[in-house]
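Please open the model in a viewer and keep the selection panel at hand. The tour below proceeds stop by stop, stating what to select and what is found there.

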Amino acid sequence: MEQVTRTIYSEYAAYPETQGIIAVEKRQPRDSLTDQFDVLLLVITRDPSVEWTVKHYRLNTLRVSLHLVHEQVLSRWLILNANRRAVHWVSEGTIIFERNDYLTDLKKQLRNFPETERCLQMSLSFAKLLRRFQDGRNLFSRGNYYDAYTHVHHALHHLARLSVLEKGAHPEVVVWEQARLDDPDVYKLYEQLLLSEETLEQRIHLALIGLEHLLQSKVLSGGKYLFEVMRERDRPWTMHELMEESRLTELKVDLGSLVDFFIRKGLIRISYQRTKGLGVELVTYEPVV
């Protein structure tokens, strides 16, 4: 296979900006991992004019999908699990070209899964879990069962990802297969939502009860990253400062609801600072744990 695809990737290997090239071969007749193509080539570059682009080729009967991606974009995919297929591409793909052991080191880093990256992913999954759970519960209380079902389904998905992350693994495309092994309680709750013979209303109601219980057990792992950032200084944070903190950029959308949730759980404490405005106080936050 490499001999055939060399005609395509040799051009990119010659560029000094190219850091590495990975080949991923199709494993089944219709494989989404390779865009349904026979081979997927991942070309990682430092070329500032490239962000992410895809090209399709045909070599006789061989169909090839080539992804040209900047190394910073790939790093974001891996750190935030923003493109789960990328984890497979890097971990399972075959290195066909690399510069200065770039891909060898990247594969090692992916296997080791740095603690900071794992904690960030846990916080992201927890924030999405919390948001989906709250929205699903509100919709259910108003009788919007179909919409509530959608949110509960997504909440369970984020709960499964969080459970896998707690075990030190990357959530993969087959996250429910991972969850079945890593957290049977979450998997059972998901099965009940999908397969139970109860009415839709009863299934959602039971799922919300189970979600609320399991959500409580994930509070410390879900908040660990935020608490560690907040503990790095000895004075309280304003919400503006938290929103402007670069390490919390990915949490910005859900930061307000996260802080509110942790206040109610007694894990973040509120304090107040005087301002120039008469009777106006600035609300500040600090971690209790």
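In which hand, left or right, does helix 6 pass helix 9 in their crossing? The crossing of these two helices is left-handed. Please bear in mind throughout that this is a predicted model.

**Stop 1: helix 6 and helix 9**

Select residues 145-166 for helix 6 and residues 200-217 for helix 9. The two axes come within 10 Å and cross at roughly 35°. To display the contact, show the side chains of Y145, Y146, A148, Y149, V152, A155, L156 and L159 on helix 6. Their counterparts on helix 9 are L200, E201, R203, I204, A207, L208, L211 and L214. Colouring this contact by residue class gives 14 nonpolar residues, two charged residues and no polar ones.

**Stop 2: the largest pocket**

Next, select S75, R76, I79, L80, T116, E117, L120, Y225, S246, R247, T249 and E250, which line the largest pocket. The space in this pocket amounts to about 210 Å³. Two helices, helix 2 (71-80) and helix 5 (115-141), each contribute at least two residues to the lining. Helix 2 makes the greatest contribution, with four residues. By class, the lining is divided evenly into four nonpolar, four polar and four charged residues.

**Stop 3: the second largest pocket**

The second largest pocket holds about 150 Å³ of space. Select S75, L78, I79, L106 and Q109, which are the closest to its centre among the 13 lining residues. Helix 2 and helix 4 (102-112) are the elements that each give two or more residues to this lining. Which element supplies the largest share of the lining of the second largest pocket? That share, five residues, belongs to helix 2. The classes here are eight nonpolar, three polar and two charged residues.

S75 and I79 deserve a label in the viewer: both appear in the lining of the largest pocket, and both are listed among the residues closest to the centre of the second largest pocket.

**Stop 4: the largest cavity**

The structure contains one cavity of 30 Å³ or more, and the volume of the largest cavity is about 30 Å³. To find it, select L80, N81, Q121, L124, S125, K128 and R161, the residues that line it. Helix 5 provides the largest share of this lining, four residues. The lining comprises two nonpolar, three polar and two charged residues. L80 may be kept on display from the earlier stop, as it also belongs to the lining of the largest pocket.

**Stop 5: S91 in helix 3**

Move to helix 3, residues 84-92, and select S91 within it. Leaving aside residues up to four places away in sequence, S91 touches K107 and L110. A distance drawn between the C-alpha atoms of S91 and K107 should read 5.8 Å, although the two are 16 residues apart in sequence. Is S91 buried, partly exposed or exposed? Its relative accessible area is 40%, so S91 counts as partly exposed.

**Stop 6: two residues with positive phi**

Most residues other than glycine have a negative phi. Two residues on this tour are of interest in that respect.

Select N100 in the loop between strand 5 (94-98) and helix 4. N100 is not a glycine, yet its phi is positive, at about 55°. With a relative accessible area of 71%, N100 is exposed.

Then select F113 in the loop between helix 4 and helix 5. The phi of F113 is also positive, near 50°, and this residue is likewise other than glycine. Is F113 buried or exposed? F113 has a relative accessible area of 5% and is therefore buried, the cut-off for buried being under 20%.

**Stop 7: T238 in strand 6**

The final selection is T238, which lies in strand 6, residues 237-238. Which residues does T238 touch, not counting residues up to four places away in sequence? The contacts are with R233, L282, V283 and T284. T238 counts as buried because its relative accessibility is 10%, under the 20% cut-off.

Technical notes: Residues numbered from 1 in each chain as written. Predicted model: local features only at pLDDT ≥ 70, side-chain atom pairs only at ≥ 80, totals over all residues. Heavy atoms only, no water. 1 Å grid on protein atoms, 1.4 Å probe; cavity = no way out; pocket = protein on both sides within 12 Å on 5 of 7 lines; lining within 4 Å. Points joined across faces, edges and corners; volume = space filled by probe spheres on them. Nonpolar A, V, L, I, M, F, W, Y, C, P; charged D, E, K, R; others polar. Buried < 20%, exposed > 50% of the residue type's maximum accessible area, 1.4 Å probe, protein only. Contact = heavy atoms within 4.5 Å. Axes fitted to C-alpha atoms, helices over the stretch in contact; angles between N-to-C directions. Left-handed = near helix turned anticlockwise from the far one by under 90°.
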